[in-house]
Amino acid sequence: MKAKANKLFEDAVVKLNEAKEELLRPEEDLVSYLVCKNAQFAIENYLKGYLMQNGIDPGSYNTIDSLYKECKTLNKNFEKIDLSNFECKLSHEINSEYCNEASKVSSCIHIAVNLDTFLRGENIIN
């Protein structure tokens, strides 16, 4: 399971970097949906990787919110990650209307960055 967890972490980092690169584009060239989808993918894989690293099959958790809640039961420090501004936590579908504004898109990527920083601080990933 550790190898699968590491692969999920690696994929999360790649998607987070892709989201960051897209966000650097001028606003008129920004494809906000890509930022949202890549940030969502990163968040989901970070959470799945954490569960898998702890011997839990993440397959039975079908939303980011359920993955997050399970991570919090394993490690109370996950409460430091605030998902309250994350509109896509209850489903795997991105609300494309939500992702139309750069300010809203930045909140999604901000959560992904905070999760990455948190996992690095906890020495889960390096």
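Me: In which helix does L34 have its place?
Reply: This is a predicted model. Look for the element that covers residues 32–53. L34 has its place there, in helix 2.

Me: Is L34 buried, partly exposed or exposed?
Reply: The relative accessibility of L34 is 39%. Buried means under 20%, and exposed means over 50%. The value for L34 falls in between, so L34 counts as partly exposed.

Me: Which residues form a nonpolar patch on the surface with L34?
Reply: The patch has about 250 Å² of accessible area in total. L34 is one of its members. The others are V31 and Y33.

Me: How many helices and how many strands are there in the protein?
Reply: Read the elements from the N terminus on. They run α-α-α-α. That gives four helices and zero strands.

Me: Which helix gives the most residues to the largest nonpolar core?
Reply: The core has 36 residues. I43, Y46, L47, F78, L115 and L119 have the most contacts inside it. Two or more residues come from each of helix 1 (2–23), helix 2, helix 3 (64–74) and helix 4 (102–121). The top giver, with ten residues, is helix 2.

Me: What is L119 in contact with, leaving aside its neighbours within four places in sequence?
Reply: L119 is among the residues with the most contacts inside the largest core. Set its neighbours within four places aside. The contacts of L119 are then F9, Y46, Y50, F78, I124 and I125.

Me: What share of the residues in the protein is buried?
Reply: In soluble globular proteins, nonpolar side chains tend to be buried together. Here the protein has 126 residues. The buried share of them is 44%.

Me: How many disulfides does the count come to?
Reply: A disulfide needs two cysteine sulfur atoms within 2.5 Å. For C108, the nearest cysteine sulfur is that of C36, 4.1 Å away. That is beyond the cut-off, so C108 is in no disulfide. For the protein, the count comes to zero.

Me: Is C108 buried or exposed?
Reply: The cut-off for buried is under 20% relative accessible area. C108 has 1% relative accessibility. Because 1% is under that cut-off, C108 counts as buried.

Me: How far apart in sequence are D116 and R120, whose side chains meet in a salt bridge?
Reply: The distance in this salt bridge is 2.8 Å, N to O. Both residues lie in helix 4. About one helical turn separates D116 and R120, because they are apart by four residues.

Me: Which residue of the D116 and R120 salt bridge is partly exposed?
Reply: D116 has a relative accessible area of 10%, so D116 is buried. R120 has a relative accessible area of 30%. The partly exposed residue is R120.

Me: Which residue meets E44 in a salt bridge?
Reply: E44 lies in helix 2. Its partner lies in helix 2 too, four residues apart, about one turn of the helix. The salt bridge is 3.2 Å, N to O, and the partner is K48.

Me: Is E22 buried or exposed?
Reply: The side chain of E22 meets that of R25 in a salt bridge of 2.9 Å, N to O. R25 is partly exposed, at 42% relative accessibility. E22 has a relative accessible area of 8%, so E22 is buried.

Conventions. Residues numbered from 1 in each chain as written. Predicted model: local features only at pLDDT ≥ 70, side-chain atom pairs only at ≥ 80, totals over all residues. Heavy atoms only, no water. Buried < 20%, exposed > 50% of the residue type's maximum accessible area, 1.4 Å probe, protein only. Patch = residues over 30% accessible without salt bridge, like charges linked within 9 Å, V, L, I, M, F, W, Y side chains within 5 Å. Areas by Shrake-Rupley, 256 points an atom, 1.4 Å probe, with all protein chains shown as cover. Salt bridge = Lys/Arg side-chain N within 4 Å of Asp/Glu carboxyl O. Core = buried A, V, L, I, M, F, W, Y, C linked by side-chain atoms within 4.5 Å. Contact = heavy atoms within 4.5 Å.
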